[in-house]
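Q: I'm new to this structure and would like to learn how to read it. Could we start with how a pair of helices cross?

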Amino acid sequence: MTKTLLITGGASGIGAETARRAAARGYNVAINYRTRDTEAKAIAASILANGGQAIALPGDMAREADIVRLFEETERALGPITHLVNSAGISTGPGRVDAYDAGALAHLFAVNVIGLMLCCREAAKRMSTKHGGPGGHRGGAIVNVSSMAATLGGRLGSSAYAASKGAVDAFTKGFAREAASEGIRVNSIRPGMVLSEMTERRLQDAAFRAHIEASIPMRRVGQGHEIAEAILWLLSDEASFITGAMLDAAGGGYII
Ligand SMILES: NC(=O)c1ccc[n+]([C@@H]2O[C@H](COP(=O)([O-])OP(=O)(O)OC[C@H]3O[C@@H](n4cnc5c(N)ncnc54)[C@H](OP(=O)(O)O)[C@@H]3O)[C@@H](O)[C@H]2O)c1
């Protein structure tokens, strides 16, 4: 069976690692990006050069019209979508509660929660045995990228981000149960602190990094490929009885 994977936020960090490794395992890969045109096209070009199938597609996951178009364009280019990874996300946020800004909160939830839910809607319409799909494809697997922040309310000043990821986990559980009898598996992965574009600037501060690493039982931050491997396992048939699960990929969690 042809496997076609759409990855939102696929031009950097965890999404990009997942794209490269998925292509090496035979997935056709659609790499969504917002601003990283050059990076997304470079990843697609290297997959094509290695004999795989890939396309880079722009789209802002805070905009419904972009999401709908992204799914249509992926299908046109690569065929029925069988797998989805929602990795697009932002962490810059409103900080402490007394500094919350309504517009910033709305944007955070538009990207991290509503955009992800609408991507799942588009996937469900195509993957569910209830709806069928182009090419007669049935079933599929989805991984939503949550965060360990969802478990403890996040590190200090990250309560809004943590709330958005808590919503991702609750949604994942509900959607997974709804879609379980329709051939769709949905799981979330909860990375701990991972070195990526999202965190590298803060982690360059040696004191900050030491503080973070001291709070992690494995005493180190994670790497993108360590999260990508876990995502690929959740997507794979090897995880065929797993749905509605939250997988912590976090070096043992963290202490605050
Ligand atoms: N790194 C960590 O420590 C960590 C820990 C736990 C969870 N996570 C989660 O892991 C996921 C991936 O993050 P990462 O660590 O790989 O960092 P990253 O490299 O910053 O990746 C996030 C990607 O999402 C894209 N994105 C942001 N807003 C978007 C939008 N509106 N539409 C489409 N794409 C958008 C970004 O592209 P632009 O820059 O062009 O917007 C970027 O390529 C996120 O959901 C994040 O919350 C990360």
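A: Sure. Take α1 and α9: their crossing is right-handed. The contact is built from G13, I14, E17, T18, R21 and A22 on the α1 side, and from G224, H225, I227, A228, I231 and L232 on the α9 side. Sorted by class, the residues of this contact of α1 with α9 are 6 nonpolar, 4 polar and 2 charged. Keep in mind as we go that this is a predicted model.

Q: How do I describe the angle between α1 and α9, and where do these helices sit in the chain?

A: Helix α1 covers residues 13-24 and helix α9 covers residues 224-235. Their axes come within 8 Å and cross at roughly 55 degrees. An angle from 35 up to 65 degrees is called oblique, so α1 and α9 are oblique to each other.

Q: What does the crossing of α4 and α6 look like?

A: Again, look at the distance and the angle. Helix α4 (residues 102-127) and helix α6 (residues 159-179) have axes that come within 9 Å and cross at roughly 15 degrees. Angles under 35 degrees count as roughly parallel, so α4 is roughly parallel to α6. As for the hand, α4 passes α6 in a right-handed crossing.

Q: Which residues of α4 and α6 meet?

A: From α4 come L105, L108, F109, N112, V113, L116, M117, C120 and A124. Facing them in α6 are A160, Y161, S164, K165, A167, V168, F171, F175 and A179. By class, this contact of α4 with α6 has 15 nonpolar, 2 polar and 1 charged residues.

Q: What about α3 and α4: how do their axes cross?

A: Helix α3 spans residues 64-78, and its axis comes within 10 Å of the axis of α4, with a crossing at roughly 35 degrees. The crossing of α3 and α4 is right-handed. On the α3 side you'll find E64, I67, V68 and F71, which meet G115, L118, C119 and E122 in α4. The residues of the contact of α3 with α4 split into 5 nonpolar, 1 polar and 2 charged.

Q: Let's zoom out. How many helices and strands does the chain have?

A: The chain has 9 helices and 9 strands. To judge its overall form, you can set the radius of gyration against a rule for globules. Here the radius of gyration is 17 Å, close to the 18 Å that the globule rule gives for 256 residues, so the chain is as compact as a globular protein of that length. Its C-alpha atoms fill a box of roughly 50 × 40 × 35 Å along the principal axes.

Q: How much of the chain is buried, and how do I read contacts between residues apart in sequence?

A: Of the 256 residues, 48% count as buried. For contacts, take those between residues at least 6 apart in sequence: 69% of them join residues at least 24 apart.

Q: How do I decide for a single residue, say R36: buried or exposed?

A: Count the C-beta atoms around it. A residue is buried if 20 or more others lie within 10 Å, and R36 has 20 C-beta neighbours inside 10 Å, so R36 counts as buried. You'll find R36 in the loop between β2 (28-33) and α2 (37-49). Setting aside its neighbours within four places in sequence, R36 is in contact with A11 and S12. The C-alpha atoms of R36 and M193 are separated by 22 Å, and these two residues are 157 apart along the chain.

Q: And which backbone feature should I look for at R219?

A: Check phi. R219 has a positive phi of about 60 degrees although it is not a glycine. Its place is in the loop between α8 (206-214) and β8 (222-223). Residues with 12 or fewer C-beta neighbours count as exposed, and R219 has 12 other C-beta atoms within 10 Å, so R219 is exposed.

Q: Where is H211, and what does its neighbour count say?

A: H211 lies in helix α8. With 11 C-beta neighbours inside 10 Å, H211 counts as exposed. Its C-alpha atom and that of G59 are separated by 36 Å, with their positions 152 residues apart along the chain.

Q: One last residue: where is I255?

A: I255 is in the segment after β9 (246-249). I255 has 9 other C-beta atoms within 10 Å, so I255 is exposed.

Technical notes
Residues numbered from 1 in each chain as written. Predicted model: local features only at pLDDT ≥ 70, side-chain atom pairs only at ≥ 80, totals over all residues. Axes fitted to C-alpha atoms, helices over the stretch in contact; angles between N-to-C directions. Helix = DSSP H or I, 4+ residues; strand = E, 2+ residues; numbered from the N terminus. Parallel < 35°, antiparallel > 145°, perpendicular 65-115°, else oblique. Left-handed = near helix turned anticlockwise from the far one by under 90°. Contact = placed C-beta atoms within 7 Å. Nonpolar A, V, L, I, M, F, W, Y, C, P; charged D, E, K, R; others polar. Rg over C-alpha atoms; globule rule 2.2 N^0.38 Å.
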